[in-house]
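User: I am new to this structure and would like a close look at one part of it. Please go through the salt bridges and then say what else is found in the helices that carry them.

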Amino acid sequence: MADVTPSSVVSPASTFDLGAFVGDLNVEEDLGSDDVSLEGLQQELEECKNDEVVANILSKGTKLRDYTKGVENDLRKVELDSIQDYIKESDNLVSLHDQIRDCDSILSHMETLLSGFQVEIGSISSDIKILQEKSMDMGLRLKNRKVAESKLAKFVEDIIVPPRMVDILVDGEVNEEYLRTLETLSKKLKFVEVDPMVKASKALKDVQPELEKLRQKTVSKVFDFIVQKLYALRKPKTNIQILQQNVLLKYKYVITFLKEHGKEIYNEVRAAYVDTMNKVLSAHFRAYIQALEKLQLDIATAEDLIGVETRSSGLFTRAREPLKNRSAVFALGDRINIIKGVEEPALIPHIAEASSLKYPYEVLFRSLQKLLMDTATSEYNFCEDFFGEENVFYEIFSGPFGVIDEHVNTILPNCYDAIGLMLMILIIRQHQLIMSRRRIPCLDSYLDKVNISLWPRFKMVFDMHLSSLRNANVRTLWEDDVHPHYVMRRYAEFTASLIHLNTEYGDSQLELNLERLRMAVDDLIIKLAKNFPKPKLQTVFLINNYDMTIAVLKEAGPEGGKIQMHFEELLKSNTTLFVEELLQEHFNGLIKFVKSRASEDSSSSNDKPITVAEVEPLVKDFASRWKAAIELMHKDVITSFSNFLCGMEILRAALTQLLLYYTRLSDCIKRIVGGSALNKDLVSISSIMYEIRKYSRTF
């Protein structure tokens with residue numbers, strides 16, 4: 001190792017001297033060489049100083065040339081050792097070489113075989129591809145043949161007529177199998193008629209004549225069969241609905257077949273059914289109407305009007321009905337039950353006739369309309385299901401409608417029962433609602449027509465009642481009796497009935513007509529009242545009639561409305577008038593004095609002040625007979641008024657008014673000079689109140 005200064009040695013492993021490391025390196029000799037370049041040497045040394053081997057060399061202080069020689073010696077030694085090893089293993093290497101050569105020969109042979117296999121596989125792949133193409137071609141042809149076969153099979157199946165089918169359709173019994181075969185024939189006929197390719201086929205020319213013959217034979221057979229079934233409807237006592245549902249509907253496909261493949265025959269069947277049902281139903285309704293007419297109870301005639309005198313209708317004119325039924329002309333009574341039971345089954349005439357029962361016409365009218373409604377519903381549904389067209393229904397029912405119209409047009413001109421007519425209008429309305437709920441429109445126009453025919457007749461009869469009041473003969477109607485007049489009772493019952501019936505219907509025109517009727521009866525009752533010689537009797541007569549009218553209107557229900565309020569006002573005003581008349585009859589002097597002088601002040605500058613002498617007779621007269629007078633008033637009220645409660649109410653009003661008059665008289669006496677002298681003759685207010693309470697307890 002070269003000269004190393006002590007100051008430069010820090011530690012063996014920390015750094016080294018470049019000059020010492022290079023040693024005897026002849027730089028000039030090396031600089032002369034073109035192959036050696038020291039460029040970058042410093043950088044390489046810097047990179048190698050951290051190398052473990054280099055650091056170890058440097059730490060030992062070995063020179064690079066010495067170290068290199070040592071390495072070369074080591075390499076030479078290793079090389080010699082390796083050669084010796086190769087010499088030792090030479091036999092093995094020869095053996096390995098032979099083995100490798102044998103393997104190479106075997107692999108070469110295998111390569112030749114595999115090359116042959118590859119050629120053969122290529123040839124097989126080509127064959128497989130060819131086979132695959134042939135298979136795809138054959139599959140496509142097979143598919144096309146199957147499609148053609150299926151179409152041809154279907155064509156053959158649709159166009160041929162098997163002998164079994166011919167036997168069933170020509171000679172077989174019409175049953176479920178026959179209907180299935182009929183459907184098959186229908187499909188074949190449609191197939192031949194619809195498909196243009198089939199029409200152009202030669203096969204059709206062979207089959208079509210036979211197919212046409214079979215169609216004609218089948219149409220003829222099913223026509224005879226269905227007509228035979230239709231004729232069963234004409235047999236007496238046949239339940240038409242059961243026959244339709246259980247028999248005819250089973251063979252409704254026969255009608256469908258005829259409609260599609262035998263239009264003329266279908267029209268004949270349709271016409272035969274329409275003609276049969278028209279005649280059968282017309283006969284049924286005609287017989288039912290004749291049976292109902294025997295059950296009719298006549299309620300009213302042209303003379304049964306509100307303003308017509310009772311005595312003008314003698315017993316001979318009412319011979320057809322009991323007298324007890326005359327109240328039904330104007331009063332609704334139990335007849336309202338017909339609306340509550342509007343959906344009940346129709347009357348069975350022979351049962352009612354066996355029971356000797358008679359009914360108002362609206363009961364018979366409801367039964368007839370109910371029978372029509374149920375029959376029409378059943379027939380409409382059947383025609384829709386069996387024929388598939390609703391016009392069949394209207395053609396069938398032209399006959400029954402005519403029979404019923406003839407009957408109604410005969411009854412209405414002779415019907416003078418306004419209550420019955422209004423009930424029939426309500427029945428028609430209810431039936432319209434029922435048919436609407438059933439969603440059956442077949443009777444809409446008919447029910448509208450009946451409704452339109454009922455209203456004018458009702459208006460005419462109502463106007464007859466109105467005219468009877470306006471043109472009433474007051475002289476013949478008047479009776480010397482202050483109790484309610486029968487004309488007013490008729491009016492009250494008639495009005496209450498119509499108001500009650502109109503509650504649900506809500507016809508404003510009827511309300512106007514009732515107002516006209518009210519005005520007419522007001523005029524008539526005033527005229528009748530004027531025939532009484534005394535004003536008091538006139539007032540009593542009016543009070544009795546107004547009170548009775550209000551009571552009847554209230555019994556009918558809370559629907560009296562303006563008419564009831566009108567009569568309540570009249571009752572109130574006439575009650576006030578009667579109270580004054582009754583008091584003046586028994587206490588005339590007292591009332592005159594109270595009205596004329598009692599309000600005067602004794603200190604006023606009147607020429608004639610009230611004196612004790614003027615009042616004393618009134619006080620003593622009242623004290624002597626006031627109880628007796630009240631008793632007479634009580635008897636008068638009891639005998640004058642039909643309604644006890646109304647009479648007691650009027651008596652209490654009269655006594656209350658008397659108490660007011662007497663109180664005013666007592667107050668007046670207190671203001672008179674020396675009036676205290678009359679205190680001994682004055683009746684105490686409490687005594688009068690006691691009498692009032694005593695009579696008040698009687699009701």
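Analyst: The model is predicted. Taking a side-chain nitrogen of Lys or Arg within 4 Å of a carboxyl oxygen of Asp or Glu as a salt bridge, the count comes to 25 salt bridges.

One of them is between the side chains of Arg 234 and Asp 275, with 3.3 Å from N to O. Arg 234 sits in the loop between helix H10 (202-231) and H11, while Asp 275 belongs to helix H13, so this pair ties together parts that are 41 residues apart in sequence. Residues count as buried under 20% relative accessible area and as exposed over 50%, with partly exposed in between. Arg 234 is therefore partly exposed, at 42% relative accessibility. Asp 275, at 32%, is partly exposed too.

Asp 275 also meets the side chain of Lys 279 in a salt bridge, at 3.4 Å from N to O. Here both residues lie in helix H13, four residues apart, which is about one turn of the helix. Arg 234, Asp 275 and Lys 279 are thus linked in a network of salt bridges.

Another salt bridge joins Asp 374 and Arg 438, whose closest N and O atoms are 3.0 Å apart. Asp 374 is in helix H16 and Arg 438 in helix H18 (residues 418-438), so the pair links distant parts of the chain, 64 residues apart. Both partners fall in the middle class of accessibility: Asp 374 is partly exposed at 27%, and Arg 438 is partly exposed at 31%.

Helices H13 and H16 appear again around a pocket. The second largest pocket has a volume of about 450 Å³. It is lined by 20 residues, and those closest to its centre are Leu 281, His 284, Phe 285, Leu 371 and Thr 375. The elements that give two or more residues to this lining are helix H11 (240-246), helix H13 (263-293) and helix H16 (361-386). H13 gives the most, with seven residues. By class, the lining has eleven nonpolar, six polar and three charged residues.

To sum up, helix H13 holds Asp 275 and Lys 279, which are linked with Arg 234 in a salt-bridge network, and H13 also gives the most residues to the lining of the second largest pocket. Helix H16 carries Asp 374 and is among the elements that give two or more residues to that lining.

How values were computed. Residues are numbered from 1 along each chain as its sequence is written. This is a predicted model: local features need pLDDT of at least 70, side-chain atom pairs count only at pLDDT 80 or more; totals for chains, interfaces and linings use all residues. Side-chain values use heavy atoms; hydrogens and water are left out. On a 1 Å grid over the protein atoms alone, a cavity is a set of points where a 1.4 Å probe fits but cannot get out, and a pocket is an open set with protein on both sides within 12 Å along at least five of seven lines; lining residues have an atom within 4 Å of a point. Grid points are joined across faces, edges and corners, and a volume is the space filled by probe spheres set on the points. Ala, Val, Leu, Ile, Met, Phe, Trp, Tyr, Cys and Pro count as nonpolar, Asp, Glu, Lys and Arg as charged, and the others, Gly among them, as polar. Buried means under 20% relative accessible area, exposed over 50%, partly exposed in between (1.4 Å probe, protein chains only).
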